[in-house]
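Got your viewer open? Load the model below, switch to a cartoon view and keep the selection box handy.

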Amino acid sequence: LRGRYLLPGLIDTHLHSPPDSAAVAARMAWLFQNGITTARDMAADSHILRAVARATESTDVPSTRLRYMAFWAGPSFYQVDRRPIGSTQGKPLGTVPWFLAVADVDGVDGHVEDAAALGAHALKLYTDLPAPVFGAALAAAHRRGLLAASHVAVFPQRPSAVIAAGVDAVSHSALLVWEAVDSLPARFHTVPHTNFGPIGPYHRVAPDDRRIMAVLDSMRQRGTVLDATVLAIEKGISPEASTWALQVTALARQRGVAVSTGTDRPEAPDPVRQPALFDEIELLVRKAGFTPSDAITAATLNGARAIGIAADYGPVEVGKIADLLVLDADPTVDIRNLRPVRTVIKGGTAYPREP
């Protein structure tokens, strides 16, 4: 590799997959070709994801390693939101371990066991969860050795309560806006809303509001990873929310919060372009004040921390599993040098890219 540049494999901490095993497998192969060696799915059919994850773990398979979560929300979420339809094996919404409606604290340990039996590495605690239920589910996940992740705000709880409960990672920096309001909506589908929940008051909350800064300081102290998803906010909420999210993500980096790179995109393989993760990484550099090295850390080590695999993956270091990339030019000089990848290495097995 003399004259070339070596760095860890890239990690996308926020995917959403279709209920189609062939489509998921094709996507993992495409991601791998572009240097993404690990990805985390945030909510999909665990039966499909388990089959793909088992197949992608082998170093003999040129495919991205897949991790995935079980998605839990309050019953009121499933009464309105139809997005999980098609991913529940034909069963009613909220009745399967990977898309579960949680109404109270009874039985949470058993539900966690059911999720773990299907291969989930973590719980995603989504919305419409009162504090006692949220806390009980989180504690049950940790007792079982699973991670617990959530949105930054889990309605009706504000970000400070979510962080104080001990969640391991949170998604969507734009939702930090909910820390600086007098009261939160009780439910995710409070009108007006988007797929990120109620629309926040971005026009009247400063990103550096002292209450938000206190949340970021708490995240740093606790080691909570911020899955910022800055790329998804402009189309998902609004241009105003996007600008706000980029500003608060810059502040998070400045205050020492570990930021990871998640795309929150249902992408299909496309031979004429690279995955959106590269756009996410470059956006952090162009508009959130990250240095190229900061952005690479977000897409490697911090991603491994978010997924709970940093003991084996993330840095280039003796004793780690050799998921690596080989580049022709130095990405710490220009982040665009991440494109293209010359060779992807998975567990020590090299896969040169076709010219």
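What follows is a walk from pockets to a cavity, then on to a sheet, some helices and a few loops.

**Before you click**

This is a predicted model, so local features are given only at pLDDT of at least 70, side-chain atom pairs count only at pLDDT 80 or more, and totals for chains, interfaces and linings use all residues. Numbering starts from 1 along each chain as its sequence is written, and side-chain values use heavy atoms, with hydrogens and water left out.

**Stop 1: the largest pocket**

Select His16, Arg83, Tyr126, Asn195 and Asp264, and you have the lining residues that lie nearest the centre of the largest pocket. A pocket here is an open set of points on a 1 Å grid over the protein atoms alone, with protein on both sides within 12 Å along at least five of seven lines; a lining residue has an atom within 4 Å of a point. There are 28 lining residues in total, and the space they surround comes to about 590 Å³. That volume is the space filled by probe spheres set on the points, where grid points are joined across faces, edges and corners.

Now colour the lining by class: 14 residues are nonpolar, 9 polar and 5 charged. For these classes, Ala, Val, Leu, Ile, Met, Phe, Trp, Tyr, Cys and Pro are nonpolar, Asp, Glu, Lys and Arg are charged, and the others, Gly among them, are polar. Which helix gives the most to this lining? Pick out residues 230-236: that's helix α8, which gives 4 residues. Helices (H or I, at least four residues) and strands (E, at least two) are DSSP runs numbered from the N terminus.

**Stop 2: the second largest pocket**

Stay with α8, as it also helps to line the second largest pocket: α8, α9 (239-254) and α10 (276-287) each supply at least two residues. Show Val230, Leu231, Glu234, Ser242 and Leu283 to find the ones nearest the centre, out of 13 lining residues. The space here is about 230 Å³, and the lining splits into 5 nonpolar, 2 polar and 6 charged residues.

**Stop 3: a cavity**

How many cavities of 30 Å³ or more does the structure hold? There is 1, with a cavity being a set of grid points where a 1.4 Å probe fits but cannot get out. Its volume is about 60 Å³. To see what lines the largest cavity, select Pro8, Gly9, Ile11, Thr37, Thr38, Tyr313, Gly314, Pro315, Ile321 and Asp323. By class, that gives 5 nonpolar, 4 polar and 1 charged.

**Stop 4: a four-stranded sheet**

Next, find the open sheet of 4 strands, in the order β1-β14-β15-β16, with antiparallel pairing. The edges are β1 (5-8) and β16 (349-352), each pairing on one side only. Look along the sheet and you'll find a twist that averages 20° from one strand to the next. Strands count as paired if DSSP finds at least two bridges between them; β15 (residues 343-346) and β16 have 4. To see one of these partnerships, show threonine 343 together with proline 352, its bridge partner in β16.

**Stop 5: two helix pairs**

Select α7 (residues 210-222) along with α9: they pack at an angle of about 50°, their axes 10 Å apart. Axes are lines fitted to C-alpha atoms, for helices over the stretch in contact, and angles run from 0 to 180 degrees between N-to-C directions.

Then try α4 (residues 108-117) with α5 (residues 131-143), which pack at about 50° with axes 9 Å apart.

**Stop 6: loops**

Finish with the backbone. Phenylalanine 155 and proline 156 are joined by a cis peptide bond, with omega about 15°; proline 156 sits in the loop between β8 (147-151) and α6 (159-165). Another cis bond joins valine 191 and proline 192, with omega about -5°. Where is proline 192? Look in the loop between β9 (169-171) and β10 (193-194). Histidine 172 is found in the loop between β9 and β10 too, and it has a positive phi of about 80° although it is not a glycine.
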